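Here is a short tour for anyone meeting this protein for the first time. Take a moment with the picture, and then let us walk through it together.

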Amino acid sequence: MKKNNKVLYSFKKALKVIYSCENEIQLAVAKKFCSNFLTFYSKYVGDNKYQATALVAKAYNRLIDRHNFMKKTFKKVG
């Protein structure tokens, strides 16, 4: 499997994790999953910074956007 396919597969998996959250505790775990996505598919350059390809960076930003959206929905409901 090509690396881009692996990135897309992991991205879809992370979206499923985010959308399956039923409370804020699960959402916190989903955020860690998103962080692990970035660390796994990027290169550590020091001082808690990572260098990622455009695809990985765009996917990570989308994951964080979805996470923040879900966080807002929990605050409105709860």
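## A cluster of rings

Let us begin with the aromatic side chains. Ring pairs link Phe37, Phe40 and Tyr41 into a cluster. Please keep in mind that this is a predicted model.

How many aromatic pairs does the count come to? The total is three. One of them joins Phe40 and Tyr41, whose ring centres are 4.9 Å apart; their planes stand at 85 degrees, so this pair is edge-to-face. The two partners have quite separate surroundings: Phe40 is exposed, with a relative accessible area of 63%, whereas Tyr41 is buried, at 11%.

Tyr44 and Tyr50 form another pair, with ring centres 5.2 Å apart and planes at 65 degrees, so they too are edge-to-face. Here Tyr44 counts as partly exposed at 48% relative accessibility, and Tyr50 is also partly exposed, at 33%.

## The overall layout

Now for the wider view. The protein has three helices and two strands, and along the sequence they follow the pattern α-α-β-β-α. Measured out along its principal axes, the C-alpha trace spans about 40 × 30 × 15 Å. Of the 78 residues in the protein, buried ones make up 29%.

Contacts across the chain are worth a look as well. Among those between residues at least 6 apart in sequence, 61% join residues at least 24 apart.

## Two helices side by side

How are two packed helices described? A pair of this kind is described by the angle between the axes and the distance between them. For helix α1 (residues 3-19) and helix α2 (residues 24-40), the axes come within 9 Å and cross at roughly 170 degrees. That angle makes α1 roughly antiparallel to α2. On the α1 side, the contact is made by Val7, Ser10, Phe11, Lys13, Ala14, Val17 and Ile18. On the α2 side, Leu27, Ala30, Phe33, Cys34 and Phe37 take part. Sorted by character, the residues of this contact divide into 10 nonpolar, one polar and one charged.

Ser10 deserves a closer look. This residue is placed in helix α1 and is buried, with a relative accessible area of 18%. Leaving out residues up to four places away in sequence, Ser10 touches Phe37 and Tyr41. Both of these partners appear in the ring cluster with Phe40.

## A histidine in the third helix

Is His67 buried or exposed? At 4% relative accessibility, His67 counts as buried. Its place is in helix α3 (residues 54-77). Which residues does His67 touch, not counting those up to four places away in sequence? They are Ile18, Leu27 and Lys31. Ile18 and Leu27 have already appeared, in the contact between α1 and α2.

His67 can also be placed relative to Val17, another residue of the contact between α1 and α2. The two are 50 residues apart along the chain, and the C-alpha atoms of His67 and Val17 are separated by 9.9 Å.

One more pairing involves a charge and a ring. The charged end of Arg66 sits over the ring of Phe69, 5.0 Å from its centre.

## The strands and the loop between them

Tyr44, already met in a ring pair with Tyr50, is placed in strand β1. Leaving aside neighbours within four places in sequence, Tyr44 is in contact with Lys49 and Tyr50.

Where is Asp47? Asp47 is in the loop between β1 (43-46) and β2 (49-51). Asn48 is in the loop between β1 and β2 too. Most residues other than glycine have a negative phi. Asp47, however, has a phi near 50 degrees, a positive value in a residue other than glycine. Asn48 likewise has a positive phi, near 60 degrees.

Are these loop residues buried or exposed? Asp47 is exposed, with a relative accessible area of 71%, and Asn48 is exposed as well, at 64%.

Notes. Residues are numbered from 1 along each chain as its sequence is written. This is a predicted model: local features need pLDDT of at least 70, side-chain atom pairs count only at pLDDT 80 or more; totals for chains, interfaces and linings use all residues. Side-chain values use heavy atoms; hydrogens and water are left out. Axes are lines fitted to C-alpha atoms, for helices over the stretch in contact, and angles run from 0 to 180 degrees between N-to-C directions. Helices (H or I, at least four residues) and strands (E, at least two) are DSSP runs, numbered from the N terminus. Angles under 35 degrees count as roughly parallel, over 145 as roughly antiparallel, 65 to 115 as roughly perpendicular and the rest as oblique. Contact means heavy atoms within 4.5 Å. Ala, Val, Leu, Ile, Met, Phe, Trp, Tyr, Cys and Pro count as nonpolar, Asp, Glu, Lys and Arg as charged, and the others, Gly among them, as polar. Buried means under 20% relative accessible area, exposed over 50%, partly exposed in between (1.4 Å probe, protein chains only). Rings of Phe, Tyr and Trp (its six-membered ring) pair if their centres lie within 6.5 Å; planes under 30 degrees apart count as stacked, over 60 as edge-to-face and the rest as tilted. A charge sits over a ring if NZ of Lys or CZ of Arg is within 6 Å of the ring centre and within 35 degrees of the ring normal.
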